[in-house]
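Q: Please take a close look at one part of this model. Start with a single residue, work outwards through what it touches, and end with the chain as a whole.

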Amino acid sequence: MAQLSDDCFAFGETLTPLDDALRALHERTGPIAEMHEVPLDAAIGRILAQDVIAPLNVPPHDNAAVDGYAIYFDDLEPRTETRLPISGRAAAGHPLHRPAKRGEAIRIFTGAAMPGNDDAPDTVMMQEDCRTEGEDVIIMPGIKRGANKRFAGEDIRKGETVLHKGMHLRPQEIGVAASLGETHLHVFEPLRVAVFSSGDELREPGTVLDAGAIFDSNRFTLVAALKQLGCIVTDLGIIRDDIDSVKKALGDAVTAHDLLLTSGGMSIGEEDHVKAAVEALGSLHFWRLAIKPGRPVALGQIDSADGPVPFAGLPGNPVAAMVTFLVVARPLILRLSGARDVAPISYRVRAGFKHRKKISRREFVRAKIRTGNDGTLVAEKHGRGGAGVLSSLVGADGLVALPEDMTFLEAGSMVDFLPFTEVMP
Ligand code: AMP
Ligand code: MG
């Protein structure tokens with residue numbers, strides 16, 4: 001089992017560019033999840049823990065790509081029609097049980113094994129391009145040698161590494177495993193994540209709000225997001241703003257969890273106790289990330305008898321919690337879960353808005369996509385800004401990421417757009 005290196009998230013006190021943080025995260029973390037075997041029908045969404053090497057060729061035999069007639073190319077007249085006797089039949093799952101001979105045409109159907117050996121039909125004439133007369137088929141000239149024939153191993157060659165450790169298993173990867181005859185795959189166990197919210201003002205939905213109180217929303221956003229990433233989540237509820245409560249929650253959670261995730265209480269105000277609690281129980285590497293919305297985000301570890309357990313502390317402001325989950329916690333979770341590629345794909349789209357921003361920080365603008373007059377995609381600013389305006393994420397399609405060195409975005413210029421569907425499958 002891979003472990004976190006000591007002080008795996010140590011950083012200086014200055015604002016850390018997001019890319020530096022992500023590079024460090026990638027270099028210093030690896031899978032901590034155990035592996036187990038699951039049947040194919042339980043493998044969707046899981047992360048592959050072992051390479052899959054093809055034990056056979058796919059397809060296992062040369063076969064016909066169309067319905068028609070299997071013929072030997074050298075039997076054809078190059079410039080005029082050729083008449084050949086139809087003297088056999090091969091359908092999918094019902095091969096011709098003898099080698100085909102020179103000078104004969106075999107009625108063949110898509111997927112049927114090509115009849116015979118090296119000196120047998122090497123080409124399939126599509127039935128639409130022939131006509132039959134009695135027991136004969138009349139073939140037009142002009143076909144190429146080997147046409148409409150699929151080769152053994154054309155899809156996958158025996159011995160090839162087809163699926164790689166760390167891949168996310170989608171329907172197509174599972175289908176490929178089945179095409180190799182596999183019944184099970186080695187996958188990583190889901191990451192076990194404990195989550196709590198920190199704040200005296202937070203109340204459980206369903207209760208009555210007293211003066212100054214709000215409902216806890218972050219925990220519900222985060223639990224849902226974790227489940228979408230395939231984690232097993234323990235919901236530890238709301239923890240009060242005092243250091244002993246936070247320490248107890250963290251201390252209890254280290255057993256039986258692979259990651260602790262919190263929101264709120266991460267600032268350096270006197271009511272923010274998560275930072276101090278983590279420092280008392282392990283080490284905290286305060287990433288004052290150069291992003292908006294987002295600061296403060298912290299990554300660290302809580303010591304336990306079985307070794308350190310990673311900790312990620314997200315900001316309390318609901319939009320900041322969501323954005324930092326997507327850009328920082330998500331890659332951390334995927335790395336710990338065994339995933340190899342954790343960077344989502346952004347797409348270049350046209351900005352439908354102008355925007356002024358501070359230099360030296362990456363800014364994420366909530367956006368909705370529409371199709372412009374010329375057919376290109378245009379990102380429009382969505383909802384009201386502000387790190388606390390959670391409803392602005394409702395109906396948004398994703399985030400426009402504005403780079404550190406930009407101070408002013410001109411409407412009409414090209415920007416990077418990260419669709420939520422990339423990060424929240
Ligand atoms: P904090 O990071 O604890 O200073 O909180 C920053 C802001 O986010 C405050 O307005 C909090 O009330 C709000 N907040 C913190 N945690 C949550 C939560 N779990 N759900 C909704 N809002 C929260
Ligand atoms: Mg707070």
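A: **One strand and its surroundings**

Gly237 is part of strand E16, which covers residues 232–239. Helices (H or I, at least four residues) and strands (E, at least two) are DSSP runs, numbered from the N terminus. The model is predicted, with local features needing pLDDT of at least 70 and side-chain atom pairs counting only at pLDDT 80 or more, while totals for chains, interfaces and linings use all residues. Residues are numbered from 1 along each chain as its sequence is written, chains are lettered from A and ligands numbered from 1 in the order in which they are written, and side-chain values use heavy atoms, with hydrogens and water left out.

With a relative accessibility of 14%, Gly237 counts as buried; the cut-offs are under 20% relative accessible area for buried, over 50% for exposed and partly exposed in between, with a 1.4 Å probe and protein chains only. Not counting residues up to four places away in sequence, Gly237 touches Val195, Phe196, Ser197 and Arg219, where contact means heavy atoms within 4.5 Å. Leu202 is 35 residues from Gly237 in sequence, and their C-alpha atoms are 10.0 Å apart.

Arg219, one of the residues touched by Gly237, is also one of the buried residues of helix H3 (residues 218–228); the others are Asn218, Leu222, Val223, Ala225 and Leu226. Around the axis of H3 these residues cover an arc of only 165°, so they sit on the same side of the helix. The arc is that of the directions from the helix axis to the C-beta atoms. The buried residues of H3 pack against E16 and E17, and also against strand E13 (192–198), strand E21 (309–314) and helix H6 (318–336). Just after H3 comes Gly230, with a positive phi of about 90°.

Arg240 is in the loop between E16 and H4. Leaving aside neighbours within four places in sequence, Arg240 is in contact with Asp200, Ser245 and Val246. Met322 is 82 residues from Arg240 in sequence, with 21 Å between the two C-alpha atoms. Further along, Ala256 occupies the loop between helix H4 (243–253) and strand E17 (259–263); Ala256 has a positive phi of about 70° although it is not a glycine.

Some backbone details elsewhere are worth checking. Most residues other than glycine have a negative phi, and most peptide bonds are trans. Asn148 has a positive phi of about 60° and is not a glycine. Asn148 lies in the loop between strand E9 (136–139) and strand E10 (149–150) and, at 25% relative accessibility, counts as partly exposed. Lys292 and Pro293 are joined by a cis peptide bond, with omega about -10°, and Pro293 is in the loop between strand E19 (291–292) and strand E20 (297–302). A cis peptide bond also joins Val58 and Pro59, with omega about -10°; Pro59 is found between strand E2 (52–53) and strand E3 (63–64), in the loop.

For a second helix, take H1 (residues 18–28), whose buried residues are Leu18, Ala21, Ala24 and Leu25. Seen down the axis of H1, these fall within an arc of 130°, so they line one face of the helix.

Now the chain as a whole. The protein chain has seven helices and 28 strands. Its domain assignment gives domain 1 (18–34 + 189–337), domain 2 (63–150) and domain 3 (347–423); such bounds come from an automatic or database domain assignment. The centres of domain 2 and domain 3, taken over C-alpha atoms, are 58 Å apart. Along the principal axes, the C-alpha atoms of the chain fill a box of roughly 95 × 55 × 45 Å. The radius of gyration is 30 Å, whereas a compact globule of 425 residues would be near 22 Å; this radius is taken over C-alpha atoms, and the globule rule is 2.2 Å times the number of residues to the power 0.38. Of the 425 residues, 47% are buried. Among contacts between residues at least 6 apart in sequence, 70% join residues at least 24 apart.
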